[in-house]
Amino acid sequence: MKRLLTLCAVLFPLWGLGGTPLLEKTVTLHLQNQALEAALSEITKQTDIRFSYSPQAIDAHRTISIEVKNVPVKKALEQLLGNGYEYKMSGTMIILRKNQTKNEPIAETRNPAQDAALKPILAPITPITVKKICISNSGVITLDCLNDINPNFFNKTKIEMQMKKQLAAIILASAMTAGAAQAQDSAASGDPQHTPGADSIVTADASLPATSGDSVRPIIFTLFYPFSFPELHTERYTYNVALSWLVGLNGGVNQFELGGIANINRFAMRGTQVAGIVNISPGKVTGVQAAGIANLALSGNAKVQIAGITNIILLGNAKAQITGITNAAKISDVQIAGCANGVDTAKVQVTGIVNTAREADVQISGIVNAAMQSRVQITGIVNASLGRNITQLAGIVNVADTSGVQLTGILNVARHAGTQIGLVNVADTSSGVSIGLFNFVRRGGLHEFEVSGRFFSASQKATPDISVAYRLGMPRFYTFVEMSYNKDLWMQGLGFGTQINFAGKHGLDIELASQRVTTNARFWEDDGDNQLQQFRLLYHYRVAKYFTLFGGPTLNFYFTDTNKAKTINIPTSYTIFEEQYGNILTKWWIGFSVGVRL
């Protein structure tokens, strides 16, 4: 009789009976341009209410904006969904659906533990059985889903009709097997006093696991499943302590579990789980998992996962994951791995090879960091952020959609750049400064070819040198490369400057340049030490969009090592200062430069 009452207690909620307290819980939401699914997920986080709905009735990817504070869940749902929807409660779940008409099918979602218990009952009677239970990011539970990412509901109208018509037959079948199942349970456990009653649910096949693991036992010893003491069928019960010599299979654990090879829990694991090879928990995990090879969990809030190879918690959160190869979680505070970390949202990721995250505060990697949005990325080779990134530090390459600071030894790339420091900086637009040898800014940047004549002094007898240069960057800070020729002298160098634009077409350029002076155009073959440094103050006038005239004075400082075989003395008509310091000859003079930019 107790078995019949238990069965009815499970079947009765399938018809959607429930109260309204869930809708009276209060929530606070501050979301702008987010998916509806994100709003439902936030309600789940604040209230532990899960939602079920049909994608045909509700578009979970619809963009919404909501600002509410301490309002009932019902009022928040009304703002999110609008009119025309009703809310049906089942345990801690709210089923969302449109107001029904006579011709509309009803898509109903049940408690997964109940469906798991009913599966062996319904299997012999109807071909419609539960194949898989899926949990979406917002806490939605669906049955017979096609995949874990986008669960698809199916029309259960005909199924409901079959179930209602066969309810009497199901209860009758349960009653007929109650006596046999009770005798088999008692024989298997070796406990003549053990009566199933509320501890288990009658099934058509009594050898199948039948409970949700909620029946709590103090301790279990297992050699390897199913050989255990003091009882068999350990998969049906939750234990405070579970000790397994080789492999243990339990319904759940509340405090501590130790396995020589593997620990497997069908339902929740709370406390500490230690295994020589692997820990597997399809249910919720709350506590610590430590394994020689892998920790695997479907959902939950694991405090710490430690494994030699991999830690995986598919739909839950992990405070810390430490492994030799791979960590994977939905939300994690700290991930430390020798090979790879993968997470939806992370505070800190540290790995020797790859970090991947949708949102990350800090990513530290020896090779690659990848994130949709990240605050800080530090790596030896590549940082990639498809969204907004505040700081990227890399030995080779930084890539970001929007970046605050990018620092690298070779290449920075950003669609919207702030400050870029590297050998080569590339941006579509820039609101900051690009510091490097080559700075390319597509919109609003400088891309100018320059030809000028520069005089070593103001004397009419001075021979000008002919110089060509290319300027790149932003007006606030740009760099240039240049080459000059004067009689038998060649000069190659680099420089940087800033441009001050006045009203109209006028402006001022302030530049510093450094050039190496040689007597051979193939300057890399010249072993002399002859350097020319220049400070330039140039006035410019923009005649047309791609035509600018400029001119102004230059302050020149030249030094050469007279001990070198290639000592060059630049001819000047006068100097304002000339002095020999040991082997170093120095000269100072004022010249001027005029030219055109295209």
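## Close-up views of a predicted model

**View 1. Pro226 and its surroundings.** Pro226 has its place in the loop between strand E8 (215–224) and strand E9 (227–229). Like everything shown in these views, this loop belongs to a predicted model. Look for the cis peptide bond that joins Tyr225 and Pro226, with omega at about 15°. A little further along, a cis peptide bond also joins Phe229 and Pro230, and here omega is about 15°. Pro230 sits in the loop between E9 and strand E10 (237–244).

**View 2. Arginines over tyrosine rings.** Here we turn to Arg217, whose charged end sits over the ring of Tyr237, 4.1 Å from its centre. In another part of the view, Arg471 places its charged end over the ring of Tyr478, and the distance to the ring centre is 4.3 Å.

**View 3. Aromatic pairs.** How many aromatic pairs does a search of the whole structure find? The search finds five. One of them is the edge-to-face pair of Phe224 and Phe227, with 5.2 Å from centre to centre and 75° between the planes. Phe224 has 33% relative accessibility, so this residue counts as partly exposed. Next come Phe477 and Phe496: their ring centres are 5.8 Å apart and their planes are at 25°, which is why the pair is stacked. This pair links distant parts of the chain, as Phe477 belongs to strand E31 (residues 477–486) and Phe496 to strand E32 (residues 489–501), 19 residues apart. Is Phe477 buried or exposed? With 19% relative accessibility, Phe477 counts as buried. Its partner Phe496 has 40% relative accessibility and therefore counts as partly exposed. To finish this view, find the aromatic cluster formed by Phe557, Phe559 and Trp588.

**View 4. An open sheet of three strands.** Follow the strands in the order E2-E5-E4 and you will see an open sheet with mixed pairing. Which strands stand at the edges? They are strand E2 (50–53) and strand E4 (85–90); each has a single partner strand, so one side of each is left without a neighbour in the sheet. From one strand to the next, the twist averages 30°. E2 and strand E5 (residues 93–98) run parallel and are joined by four bridges. To see how they line up, find Arg50, which stands opposite Met93 in E5.

**View 5. Helices on the sheet.** Keep the sheet in sight, with its strand order E2-E5-E4. Helix H3 (residues 36–47) packs on this sheet and touches E2 and E5, and the direction of H3 makes about 145° with that of E2. Helix H4 (residues 73–81) lies across E2, E4 and E5, and runs at about 140° to E4. How do the two helices meet each other? H3 and H4 pack at an angle of about 175°, and their axes are 11 Å apart. The two helices, H3 and H4, are therefore roughly antiparallel to each other. On the H3 side, the contact is made by Leu36, Ala39, Leu40, Ile43 and Thr47. On the H4 side, Val73, Leu77, Leu80 and Leu81 take part.

**View 6. Two residues with positive phi.** Asp48 is not a glycine, although its phi is positive, at about 65°. You will find Asp48 in the loop between H3 and E2. Is Asp48 buried or exposed? Asp48 has 61% relative accessibility and so counts as exposed. Now move along to Asn70, in strand E3 (residues 63–72). Asn70 is a residue other than glycine, and its phi is also a positive value, near 55°. Asn70 is exposed, with a relative accessible area of 54%.

**View 7. The neighbours of Phe449.** Phe449 lies in strand E29 (residues 446–455). With a relative accessible area of 39%, Phe449 is partly exposed. Which residues does Phe449 touch, not counting residues up to four places away in sequence? They are Val468, Ala469, Tyr470, Val596, Arg597 and Leu598. Among these contacts, Ala469 is worth finding: Phe449 and Ala469 are 20 residues apart in sequence, and in space they are 6.0 Å apart, C-alpha to C-alpha.

Definitions and conventions
Residues numbered from 1 in each chain as written. Predicted model: local features only at pLDDT ≥ 70, side-chain atom pairs only at ≥ 80, totals over all residues. Heavy atoms only, no water. Phe/Tyr/Trp six-rings, centres within 6.5 Å; stacked < 30°, edge-to-face > 60°. Buried < 20%, exposed > 50% of the residue type's maximum accessible area, 1.4 Å probe, protein only. Lys NZ or Arg CZ within 6 Å of the ring centre and 35° of its normal. Pairing = 2+ DSSP bridges. Axes fitted to C-alpha atoms, helices over the stretch in contact; angles between N-to-C directions. Contact = heavy atoms within 4.5 Å. Parallel < 35°, antiparallel > 145°, perpendicular 65-115°, else oblique.
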